[in-house]
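Thanks for asking me to look this one over. My notes follow as numbered points, so you can check each against the coordinates as you read.

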Amino acid sequence: MLEIKDLHVKLADEDREILKGLTLTIPKGEVHAIMGPNGSGKSTLAYVLAGRDGYEVTSGDILWDGESILEMEPEERAAKGVFLAFQYPMEIPGVAGFTFLRTAVNAVRKARGLPELSTPDFMKFVKAKAERLNINTDMLKRPVNVGFSGGEKKRAEILQMEVLEPTLCVLDETDSGLDIDALRIVSDGVNSMRSPERAMLVITHYQRLLNHIVPDRVHVMVDGKIRKSGDASLAKELEKSGYAEYQSKAA
Amino acid sequence: MPAVQETIEQVRKIDVDQYKYGFETKIDTVKAPKGLSEDIVRFISEKKGEPAWMLEWRLEAYRRWVNMTEPTWAKVDYPKIDFNDLYYYAAPKSTEGPKSLDEVDPELLATYEKLGIPLREREVLAGVQGARVAVDAVFDSVSVVTTFKDELKKAGVIFCSMSEAVREHPELIKKYLGSVVPQGDNFYAALNAAVFSDGSFVYVPEGVRCPMELSTYFRINEKQTGQFERTLIIAEKGSYVSYLEGCTAPMRDEHQLHAAVVELIALDDAEIKYSTVQNWYPGDKNGKGGIYNFVTKRGDCRGDRSKISWTQVETGSAITWKYPSCILRGNESRGEFYSIAVSNGWQQVDSGTKMIHLGKNSSSRIISKGIAAGHSQNTYRGLVSAHRKATGARNFTNCDSLLIGDKCGAHTVPYIEAKNNTAHFEHEATTSKISDDTLFYCRQRGLSQEEAVALVVNGFVRDVLQQLPMEFMAETQKLIGISLEGSVG
């Protein structure tokens with residue numbers, strides 16, 4: 001279970017608070033969605049969960065499986081099962097996708113006390129995962145994300161997520177810049193990964209993604225705080241009414 | 001703390017003292033008295049039982065050298081070297097002319113084992129995918145043993161120490177020695193010509209494809225000695241040879257001098273591929289000690305359609321001053337230079353190449369990847385020139401630099417001269433930093449900071465890595481990782 005308790009976060013080198021007492025609980029087996037306008041702190045939340053530098057947690061806590069992860073390095077969190085699908089995945093020139101994934105899988109396996117996979121075993125493992133997601137592994141022969149279209153980048157993120165077998169998946173605006181076909185592939189991937197062992201947090205701007213990934217809970221985030229929570233119908237409501245009412249409340 | 005900031009912190013703490021190859025082998029040595037004079041040159045020549053013509057050649061070099069001054073144009077900074085405070089010759093006592101491995105000092109063999117050199121034939125045979133490597137190992141100043149000599153002989157290939165070549169193949173030495181790098185070429189080349197103690201000699205006859213990779217391992221062991229090896233490779237018409245040299249040195253407080261000369265000659269349709277993995281001791285975290293590496297390497301594409309390819313991986317030395325070059329004399333000849341230069345701590349690298357186009361339609365390609373970390377300075381210096389008669393000459397140059405931290409520097413100094421209007425030269429250069437975002441991305445996928453840096457750097461140098469002989473690729477990737485270990489967590 002993911003428990004975020006009264007979390008206050010400011011930028012490390014600036015006196016600006018971004019998350020202002022955010023509280024959120026996601027039990028395993030559930031998919032939650034966070035919706036909110038630009039600048040409400042959604043991406044900050046994703047980065048803080050993954051342990052990116054540049055933010056300072058001034059109070060509150062984040063527990064994963066009952067254990068605080070605030071002091072952990074990003075790679076330790078990854079080993080604990082935390083995965084972040086990036087809004088803007090980074091390019092790594094000269095490093096083939098296969099090499100990157102194999103290095104990552106083996107690093108995570110090592111940290112989890114599992115034996116490393118040999119190259120042939122790894123290839124089989126990845127191919128099976130890719131097939132399940134209906135993703136062509138040809139793109140793994142190319143350098144990581146270099147020259148990828150927006151859709152390819154997001155598909156690669158979903159494949160990485162599948163291969164690394166995380167237990168907490170955070171998807172940061174995974175739908176941005178996707179056409180309808182790519183959106184379906186990404187959503188199918190996410191849906192196929194739903195499991196009682198896994199908690200998922202989908203961060204999005206628009207309701208359209210939630211037509212494909214139907215969340216158990218929807219939270220409205222404005223100005224660094226959850227302003228309202230409800231079931232999937234809340235997303236539809238937001239589509240009509242927008243965030244204006246919450247923004248005025250926050251102000 | 002942002003990752004790059006953290007990296008910088010780590011670099012301050014850098015511990016290059018943990019230099020993996022820093023051990024000293026205790027072996028009795030025969031040294032020449034300190035300092036340099038005509039008498040020392042005579043001493044060395046006599047020790048090696050050289051003929052009179054060889055001594056004359058050395059003395060001529062010495063006489064030129066005394067009137068020369070050290071070059072100062074490179075972007076490196078070091079206290080003046082007292083050339084009279086060095087030993088110019090040191091030979092392990094027990095290895096004057098070993099006949100077989102059994103006669104070699106066991107401690108010496110143990111040294112090579114520590115270095116992981118596949119000196120023993122059975123180790124070589126047990127190597128990766130049946131890869132076969134003949135090794136000529138140069139310990140301080142003399143060549144200790146050459147493996148696989150017999151098998152090479154069958155193919156007609158001569159692979160032996162320079163001393164042996166002077167004795168056994170005087171006609172080849174007289175014809176080719178100094179024909180690419182003359183005695184008075186530059187300060188360090190002249191010094192080398194006067195006092196060179198050993199090195200490797202390779203001769204590949206017409207039409208022969210050398211049946212195995214040839215390899216030389218250099219190691220400086222004795223205190224305050226200079227190592228002045230001299231390598232000469234001749235590829236006759238239509239022949240092919242691939243040669244790899246590796247270098248290490250034990251840790252020393254004082255600086256050690258290494259001034260080698262390598263000459264390559266490729267005749268019509270011949271090809272020479274020369275690879276170097278240089279891992280001399282780089283000095284400690286305060287910049288104390290370390291090798292001064294002043295090397296002259298030059299290849300002469302003397303014949304039409306000949307090809308010379310230099311590949312270098314430079315991770316060691318306190319100071320590197322090295323420009324493996326090609327004289328593209330033959331029509332349609334081709335020169336290549338692939339380089340990875342990694343600097344960390346207080347290392348200073350000034351390296352690059354010269355492509356001198358003299359032949360018609362000659363072509364050249366330069367791919368240089370510099371990686372600077374710590375307080376190091378990493379300079380690429382290159383010359384591409386086309387002679388008036390070198391019509392249709394082509395060059396492509398790509399120089400990329402990668403910075404890790406904010407105390408290091410990367411510099412690119414290209415010189416381009418075209419004396420005819422049909423030459424076609426292209427030059428590309430980039431400088432980048434490993435971004436915090438990239439490191440975070442990798443770490444989010446489970447890689448440690450160190451693994452992330454190694455991955456990104458290996459991606460950065462990939463084009464060059466691919467040029468190395470297969471069996472050395474993995475090793476080199478590891479070496480690059482080790483060299484940058486101090487630069488991150």
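1. Strand E3 (residues 31-35) and strand E10 (residues 199-204) of chain A run parallel and are joined by 5 bridges. One pair to look up is A:His32, whose bridge partner in E10(A) is A:Leu201. Please keep in mind throughout that this is a predicted model.

2. That pairing belongs to an open sheet of 6 strands in chain A, ordered E6-E9-E10-E3-E11-E12, with mixed pairing. At its edges stand strand E6 (82-85) and strand E12 (225-230) of chain A; each has a single partner strand, so one side of each is left without a neighbour in the sheet. From one strand to the next, the twist averages 20°.

3. Which strands of this sheet does H5(A) touch? The helix packs against E6, strand E9 (168-172) and E10 of chain A, and its direction makes about 170° with that of E6(A).

4. Helix H5 (residues 150-164) of chain A also has a helical partner, helix H3 (residues 97-111) of chain A. The two pack at an angle of about 30°, and their axes are 10 Å apart. With angles under 35 degrees counted as roughly parallel, H3(A) and H5(A) are therefore roughly parallel to each other. The crossing of H3(A) past H5(A) is right-handed.

5. Which residues make that contact? From H3(A) come A:Phe100, A:Leu101, A:Ala104, A:Val105 and A:Val108, and from H5(A) come A:Gln160, A:Val163 and A:Leu164. By type, the residues of this contact are 7 nonpolar and 1 polar, with no charged ones.

6. Chain A has another open sheet, in which 4 strands follow the order E2-E1-E4-E5 with antiparallel pairing. Its edge strands are strand E2 (17-26) and strand E5 (67-68) of chain A, each of which pairs on one side only. Within this sheet, strand E1 (residues 2-11) of chain A pairs with E2(A) in the antiparallel sense over 7 bridges. As a landmark, A:Glu3 stands opposite A:Thr25 in E2(A).

7. H1(A) packs on this 4-stranded antiparallel sheet. The helix touches E1, E2 and strand E4 (55-64) of chain A, and its direction makes about 110° with that of E1(A).

8. Is helix H1 (residues 42-50) of chain A enclosed or open to the outside? Of its 9 residues, 8 are buried, so the helix is largely enclosed by the rest of the structure. The buried residues are A:Lys42, A:Thr44, A:Leu45, A:Ala46, A:Tyr47, A:Val48, A:Leu49 and A:Ala50. A lysine is part of that list, so you may like to view A:Lys42 on screen, given that buried means under 20% relative accessible area. Following H1(A) is A:Gly51, which has a positive phi, near 90°.

9. Some totals for chain A may help as context. Its secondary structure comes to 9 helices and 12 strands, and 53% of its 251 residues count as buried. Taking contacts in chain A between residues at least 6 apart in sequence, 69% join residues at least 24 apart.

10. Turning to chain B, strand E13 (residues 271-279) is mostly covered, with 8 of its 9 residues buried. E13(B) pairs with strand E15 (residues 307-314) of chain B in the parallel sense, over 8 bridges. Here B:Gln278 has B:Glu314 of E15(B) as its bridge partner.

11. Also in chain B, helix H10 (residues 436-444) packs against H11(B) at an angle of about 120°, and the axes are 9 Å apart. H10(B) passes H11(B) in a right-handed crossing. On the H10(B) side the contact is made by B:Thr438, B:Leu439, B:Cys442 and B:Arg443, and on the H11(B) side by B:Gln449, B:Ala452, B:Val453, B:Leu455 and B:Val456. These residues divide into 6 nonpolar, 2 polar and 1 charged.

12. Last, a single residue: B:Ala454, which lies in helix H11 (residues 449-460) of chain B. Is B:Ala454 buried or partly exposed? Its relative accessible area is 23%, and buried means under 20%, so B:Ala454 counts as partly exposed. B:Ala454 and B:Leu484 are 30 residues apart in sequence, and their C-alpha atoms are 7.7 Å apart in space.

How values were computed:
Residues numbered from 1 in each chain as written. Chains lettered and ligands numbered in written order. Predicted model: local features only at pLDDT ≥ 70, side-chain atom pairs only at ≥ 80, totals over all residues. Heavy atoms only, no water. Buried < 20%, exposed > 50% of the residue type's maximum accessible area, 1.4 Å probe, protein only. Pairing = 2+ DSSP bridges. Axes fitted to C-alpha atoms, helices over the stretch in contact; angles between N-to-C directions. Parallel < 35°, antiparallel > 145°, perpendicular 65-115°, else oblique. Left-handed = near helix turned anticlockwise from the far one by under 90°. Contact = heavy atoms within 4.5 Å. Nonpolar A, V, L, I, M, F, W, Y, C, P; charged D, E, K, R; others polar.
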